[in-house]
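Biologist: I would like to learn how to read a structure of this kind step by step, beginning with single residues and ending with the chain as a whole. Could we have it in front of us while we talk?

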Amino acid sequence: MEPVVGSAVRDLARDRIGVVMEREGRYLQLRPLGGGREWDADPDRVRLLTHAEVLSARVAETNARSRRRLELGGASEAPRTSSWSGPDPCGPCRP
């Protein structure tokens, strides 16, 4: 089965995962799942990812983004407090 625009694939030549953005001549234009710079891939050297592989790759990308944010000092922000001013929704549940 040939990848179409929007398919998630593994570029076997570069060992990278990307989304097919378009076909440019003989090559596929791929973009990383989390966005970024496109690259050309030989359609004979890519394979479609399974749903489980796509999910795993997206979780890995989200985790990497979170780590980068922590490294840049994003965790130093004070925790946000709730702006809820109504009655305690768990009031009847608490002893």
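Biologist: Let me begin with a single position: in which loop is the place of Gly 36?

Modeller: A residue is placed by naming the elements on either side of it, and Gly 36 sits in the loop between strand E3 (27–31) and strand E4 (39–41). Please keep in mind throughout that this is a predicted model. Gly 36 has a relative accessible area of 45% and is therefore partly exposed, and its C-alpha atom is separated by 10.0 Å from that of Gly 18, 18 residues apart along the chain.

Biologist: How many helices and strands are there in the protein chain, and what pattern do they follow along the sequence?

Modeller: The protein chain has one helix and five strands, and reading along the sequence gives the pattern β-β-β-β-β-α.

Biologist: In which sense do strands E1 and E2 pair, and over how many bridges?

Modeller: For paired strands one asks about their sense, the bridges between them and the residues that stand opposite each other. Strand E1 (residues 8–11) pairs with strand E2 (residues 16–24) in the antiparallel sense, over four bridges, and Val 9 stands opposite Gly 18 in E2. The two strands form a hairpin with four residues between them, and in that turn Asp 15 has a positive phi of about 55°. E1 also pairs with strand E5 (residues 46–48), again in the antiparallel sense and over three bridges, where Arg 10 stands opposite Arg 47 of E5.

Biologist: Just ahead of E1 there is Ser 7; is Ser 7 buried or exposed?

Modeller: Burial is read from relative accessibility, with buried meaning under 20%. Ser 7, in the segment before E1, counts as buried because its relative accessibility is 14%. Its side chain reaches the backbone oxygen of Val 4 at 2.9 Å, and, leaving aside residues up to four places away in sequence, Ser 7 touches Gly 18, Val 19, Val 20 and Leu 48.

Biologist: And why does Asp 44 count as exposed?

Modeller: The reasoning runs the other way here, since exposed means over 50%. Asp 44 has a relative accessible area of 62%, and so it is exposed. This residue is found in the loop between E4 and E5, and its C-alpha atom is separated by 9.4 Å from that of Asp 11, 33 residues apart along the chain.

Biologist: Which side chain does Asp 44 meet in a salt bridge?

Modeller: A salt bridge is read from the distance between a side-chain nitrogen of Lys or Arg and a carboxyl oxygen of Asp or Glu, which must be within 4 Å. Asp 44 meets the side chain of Arg 26 at 3.5 Å, N to O. That pair links distant parts of the chain, 18 residues apart, with Asp 44 in the loop between E4 and E5 and Arg 26 in the loop between E2 and E3. Arg 26 is partly exposed, because its relative accessibility is 43%, and a network of salt bridges links Arg 26, Asp 42 and Asp 44.

Biologist: How many salt bridges does a search of the whole structure find?

Modeller: The search finds eight. One of them joins the side chains of Arg 31 and Glu 38 at 2.9 Å, N to O; Arg 31 is partly exposed at 29% relative accessibility, and Glu 38 is partly exposed with a relative accessible area of 27%. Another is formed by Arg 65 and Glu 61 at 3.8 Å, N to O, both of which lie in helix H1 (residues 51–71), four residues apart, or about one turn of the helix. Arg 65 is partly exposed at 37%, and Glu 61 is partly exposed at 24%.

Biologist: What share of the residues is buried in the protein chain as a whole?

Modeller: Buried residues make up 22% of the 95 residues. The accessible surface comes to about 7,400 Å², with 53% of it belonging to carbon and sulfur atoms.

Biologist: Finally, where does pLDDT stay under 50?

Modeller: Confidence is best read first for the chain and then for its segments. The mean pLDDT of the protein chain is 84, and 77% of its residues reach 70 or more, whereas over residues 89–95 pLDDT stays under 50, and the model has two contacts beyond four places in sequence for that segment.

Conventions. Residues are numbered from 1 along each chain as its sequence is written. This is a predicted model: local features need pLDDT of at least 70, side-chain atom pairs count only at pLDDT 80 or more; totals for chains, interfaces and linings use all residues. Side-chain values use heavy atoms; hydrogens and water are left out. Two strands pair if DSSP finds at least two bridges between them. Buried means under 20% relative accessible area, exposed over 50%, partly exposed in between (1.4 Å probe, protein chains only). Accessible areas come from the Shrake-Rupley method with a 1.4 Å probe; for residues, only the protein chains shown count as cover. A polar contact is a pair of N or O atoms within 3.5 Å; within protein, one must be able to donate a hydrogen and the other to accept it, and residues adjacent in sequence count only if both atoms are side-chain atoms. Contact means heavy atoms within 4.5 Å. pLDDT is the predictor's confidence in each residue, from 0 to 100.
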